[in-house]
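This briefing walks through a single protein chain, topic by topic. Please keep the sequence and the model in view while reading.

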Amino acid sequence: MTDSLIRHKIYEKLRSDILSCTLTPGLQFRENELAEKFGVSKSPIRDALQRLEIEGLIEIEPRRGHRVAPISIADAEDILNLREILEAGALRTIAAQATDAELAALDALREADTTDLNAFADYNRRFHLALCEASGNRRLAASMAGLMENYDRLCIVSLSSGRDEIGSMADALADHNTIIDALQARNARAAVRASAKHVKKSRTKVMRGLENRPVVA
């Protein structure tokens, strides 16, 4: 395996672990610990951490090493606001321009596992990405892809396991079906309205879940 490939794989693994909260927000670590874990020198570790710092996922702590960036309330608000804006544009385009076959294909997103947070997070990401991809706007879809990765991290940190979490996932699935119904009826206004309502409920749940968490900045 080439040096560049090793560096990329380490970066991808660390990034994936941060976004999935396998490496929890606020977790402290040192370069030598990661070097030992991956069986490499400090150089590829340092390279990966620099890239993650630029993305805002890692913070450098003088004399203490590094830590996974805590969740920011302000950033959570930004993520939710931008998601609503991007999706509204995609929904208007889909309702006006998608083919009947493309609209019918959305039926594949009507069902999901609402008993497991990680499984539902994967489905939720695919649902919102599918909407942006169906708009035909590649830049919009790429922006949503990055946004949803960070949104997953918000959900995993903010939602606690139990009955409330299962109810939240079931409620989100119902909202998705409402959006699909509106799109298949080519009712852009109803689709955007349902999406805005969906994001508003998400914001309430996420912000409530982030209250008083030690991993929140």
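In this predicted model, the largest nonpolar core holds 25 residues, of which L91, L106, L109, F127, L131, I179 and L183 touch the most other members. Two or more residues of this core come from each of the helices α4 (73–97), α6 (117–134), α8 and α9 (188–210), and α8 gives the largest share, seven residues. A second core, separate from this one, has 22 residues, with C155, V157, M207 and L210 among them.

**Nonpolar cores**

- One of the residues with the most partners in the largest core is L91, and, once its neighbours within four places in sequence are set aside, L91 is in contact with L131, I179, L183, A191, V192 and S195.
- Of these partners of L91, namely L131, I179 and L183 among others, the three just named also belong to the group that touches the most other members of the largest core.
- As general background, nonpolar side chains in soluble globular proteins tend to be buried together.

**Overall architecture**

- The chain contains nine helices and three strands, and, when read along the sequence, these elements follow the pattern α-β-α-α-β-β-α-α-α-α-α-α.
- The C-alpha trace of the chain spans about 60 × 40 × 30 Å along its principal axes, and 44% of the 217 residues count as buried.
- If one takes the contacts between residues at least 6 apart in sequence, 76% of them join residues at least 24 apart.

**Helix α8 and two of its buried residues**

- H176 is placed in helix α8, which covers residues 163–184, and H176 counts as buried because its relative accessibility is 0%, under the 20% cut-off.
- Apart from neighbours within four places in sequence, the contacts of H176 are with Y123, N124, F127, H128 and H198, and F127 is also one of the residues that touch the most other members of the largest core.
- A172 lies in helix α8 as well, and its relative accessible area of 12% makes A172 a buried residue.
- With neighbours within four places again left aside, A172 is in contact with F120 and H198, and H198 is likewise a contact of H176.
- Between A172 and E149 the separation is 23 residues in sequence and 17 Å in space, taken from C-alpha to C-alpha.

**Packing of α1 against α7**

- Two packed helices are described by the angle between their axes and by the distance between those axes.
- Helix α1 (residues 3–19) packs with helix α7 (residues 138–158) at an angle of about 45°, and the two axes are 8 Å apart.
- The two helices α1 and α7 are therefore oblique to each other, since an angle of about 45° is neither under 35 degrees nor in the range from 65 to 115 nor over 145.
- On the α1 side the contact is made by R15, I18 and L19, and these meet E149, N150, D152, R153 and I156 in α7.
- By residue class, the contact of α1 with α7 is made up of three nonpolar, one polar and four charged residues.
- K13 also lies in helix α1 and is partly exposed, with a relative accessible area of 40%.
- K13 and L140 are 127 residues apart in sequence, and their C-alpha atoms are 26 Å apart in space.

**Cysteines**

- How many disulfides does the structure hold? The number is zero, where a disulfide is, in general, a covalent bond between the sulfur atoms of two cysteines.
- C132 counts as buried, with a relative accessibility of 0%, and C21 is also buried, with a relative accessible area of 12%.

**Positive phi angles in loops**

- C21 is found in the loop between α1 and β1 (28–29), and its phi is near 65°, a positive value in a residue other than glycine.
- R186 is placed in the loop between α8 and α9, and R186 too has a positive phi, of about 55°, although this residue is not a glycine.
- Buried or partly exposed, how does R186 count? R186 is partly exposed, with a relative accessible area of 33%, whereas C21 is buried at 12%.

Note on methods
Residues are numbered from 1 along each chain as its sequence is written. This is a predicted model: local features need pLDDT of at least 70, side-chain atom pairs count only at pLDDT 80 or more; totals for chains, interfaces and linings use all residues. Side-chain values use heavy atoms; hydrogens and water are left out. Helices (H or I, at least four residues) and strands (E, at least two) are DSSP runs, numbered from the N terminus. Buried means under 20% relative accessible area, exposed over 50%, partly exposed in between (1.4 Å probe, protein chains only). Contact means heavy atoms within 4.5 Å. A disulfide is a pair of cysteine sulfur atoms within 2.5 Å. A nonpolar core is a set of buried Ala, Val, Leu, Ile, Met, Phe, Trp, Tyr and Cys residues joined through side-chain atoms within 4.5 Å. Axes are lines fitted to C-alpha atoms, for helices over the stretch in contact, and angles run from 0 to 180 degrees between N-to-C directions. Ala, Val, Leu, Ile, Met, Phe, Trp, Tyr, Cys and Pro count as nonpolar, Asp, Glu, Lys and Arg as charged, and the others, Gly among them, as polar.
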